[in-house]
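This briefing reviews a protein model by topic. Please consult the sequence and the structure as the points below are read.

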Amino acid sequence: MSNLKDYIKWRGDLAFSKETVSAIDMLIFSQIVYTPLEKIARADYGKPLRELYLSVYPDGAPGGSTFVNDDLFSLWQFVLDSKRFGDVRLVDFLSKFDAAQQMQFAAATFEYGDIVVVAFRGTDTSVIGWKEDFNMGFESPIPSQTEAVSYVDSLFSVNPFAAAGRDANQKSVLKSLHAVSSLFTHKTQVYLCGHSKGGNLAMYGGAFCKKPEKITGIYSFDGPGFDDDVLESKEWAAVEDKVFSFIPESSVVGLLLGYYKRYTIVKSDNIGILQHNPFFWHIEGGRFVEAPETSFSSRLFSGTMHRFLESCPKAQRRVLIETAFKIIEASGATSAMDIPSGLLRHLGEVRQILQSVPQEDKQALSEMGRIFAEAGSASFSTLIGRILRG
């Protein structure tokens, strides 16, 4: 079955001026923003993507901010040979990481002709990034959501430096924010997009920015939803018809928290929660291959998690999430991949933290852990079954 890379090969000879943007194009921009764009010098902003490859991958090897680095690196190889994406210009990039605020944020702005695309990065492998995601369970807005609004506003602002909180004395950014602000003033198509938390930020930034009427479309790819306060707000109501949401058959992340019912379900080659990786989503021609409904495991997880959240006041959710991450901090892990081994090395500290938790919170913490463990074990069981069947 065709995937993102096959799509670039198939559609790559047609510039956006010849073939209008599609949801798959938005997903590709949502993946490019995961690559280490931090390596690009500001002086190079405004150059087409094909000229920035060696800045992003100077060693000619994978590297980046997520566990799908090989796929992202490979994606750039296809971009290089593509007129459709190779001629697109990167005109701005902003990355902020603040452990004290528990914020991990990044966004990039791309331009081609009369089109501007703002792509928000999803969660990286940092513990801070994951902590901010879980904070959505009791806090709104989280720091990255506030930053997303500021970023979009800065692109429409007369004084983009002030709006974005950046130093106006940095003359080297002349090709960046002032140029982008001018682009937004004159461009006829403005899109926001993102995968995972990036999809949530695209939706939130579009809804709560100062000029939502100037946004053409908002694309979320397996991005978590919002609490009722957001979904019932006049801001959300004003942009809801511009939002296009896509989730895989066995979606977990995209069905977290409250959500509206309009989304497209996409077939995937992967299993369980691993379907969150969009490089395994099915594509045929210029469209995603749709599934009639989510999988049983996805519906089971979503229903169980929503019932749990409804029975758990926000104050208790805060206690549960902060306790869970106290345990993670005790492990000494700074990356999500280091957590399991870190916990084994610090079992004594973990036990001390759990002993201080009230019994009712301890039971709720155990239930929350069980729900997520079952979501992961379903994927593991399916994988083992496939292996045994040969």
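A cavity is here a set of grid points where a 1.4 Å probe fits but cannot get out, and its volume is the space filled by probe spheres set on those points. In this predicted model, a search of the whole structure yields two cavities of 30 Å³ or more. The second largest cavity holds about 40 Å³ of space. The points that follow cover the overall architecture, this cavity, salt bridges and individual residues.

**Overall architecture**

- The protein contains 17 helices and nine strands.
- Of its 390 residues, 56% are buried.
- Contacts between residues at least 6 apart in sequence were examined across the protein, and 70% of them join residues at least 24 apart.
- The exposed surface of the protein comes to about 17100 Å², of which carbon and sulfur atoms supply 54%.

**The second largest cavity**

- The lining of the second largest cavity consists of Phe16, Phe29, Val88, Phe110, Glu111, Tyr112, Ile115, Val116 and Val117.
- Two strands, S2 (103-112) and S3 (115-120), each supply at least two residues of this lining.
- By residue class, the lining of the second largest cavity has eight nonpolar residues, no polar residue and one charged residue.
- Glu111 is among the lining residues, and glutamate counts as charged in this classification.

**Salt bridges**

- Side chains of opposite charge can pair when their charged atoms come close.
- With a limit of 4 Å between a side-chain nitrogen of Lys or Arg and a carboxyl oxygen of Asp or Glu, the count comes to twelve salt bridges.
- Lysine 234 pairs with glutamate 235, and their closest N and O atoms are 3.2 Å apart. Lysine 234 is exposed, because its relative accessibility is 66%, whereas glutamate 235 is partly exposed at 24%.
- Glutamate 249 forms a salt bridge with lysine 267, with 3.8 Å between the closest N and O atoms. Glutamate 249 sits in the loop between strand S6 (243-248) and strand S7 (264-266), and lysine 267 in the loop between S7 and strand S8 (283-284), so the pair ties together parts that are 18 residues apart in sequence. Lysine 267 is partly exposed, at a relative accessible area of 29%.
- Glutamate 290 and arginine 287 form a salt bridge whose closest N and O atoms are 3.8 Å apart. Glutamate 290 is partly exposed at 45% relative accessibility, while arginine 287 is exposed at 58%.
- Arg50, Lys83 and Asp87 are joined into one network by salt bridges that share partners.

**Aspartates 44 and 81**

- Aspartate 44 lies in the loop between helix H2 (23-32) and helix H3 (53-56). Its relative accessible area is 18%, so aspartate 44 counts as buried; the cut-off for that class is under 20%.
- Apart from neighbours within four places in sequence, aspartate 44 is in contact with Leu52 and Ser55.
- Aspartate 81 occupies the loop between helix H4 (69-80) and helix H5 (83-86). Aspartate 81 is exposed, because its relative accessible area is 70%, and the cut-off for that class is over 50%.
- Between aspartate 81 and lysine 9 there are 8.4 Å in space, C-alpha to C-alpha, and the two are 72 residues apart in sequence.

**Positive phi in residues other than glycine**

- Serine 196 is not a glycine, yet its phi is positive, at about 60 degrees. Serine 196 is located in the loop between strand S4 (189-195) and helix H10 (197-208). With a relative accessibility of 8%, serine 196 is buried.
- Aspartate 222, also a residue other than glycine, has a positive phi near 55 degrees. The loop between strand S5 (217-221) and helix H11 (228-231) holds aspartate 222. Aspartate 222 is buried, because its relative accessibility is 0%.

Conventions. Residues are numbered from 1 along each chain as its sequence is written. This is a predicted model: local features need pLDDT of at least 70, side-chain atom pairs count only at pLDDT 80 or more; totals for chains, interfaces and linings use all residues. Side-chain values use heavy atoms; hydrogens and water are left out. On a 1 Å grid over the protein atoms alone, a cavity is a set of points where a 1.4 Å probe fits but cannot get out, and a pocket is an open set with protein on both sides within 12 Å along at least five of seven lines; lining residues have an atom within 4 Å of a point. Helices (H or I, at least four residues) and strands (E, at least two) are DSSP runs, numbered from the N terminus. Buried means under 20% relative accessible area, exposed over 50%, partly exposed in between (1.4 Å probe, protein chains only). Contact means heavy atoms within 4.5 Å. Accessible areas come from the Shrake-Rupley method with a 1.4 Å probe; for residues, only the protein chains shown count as cover.
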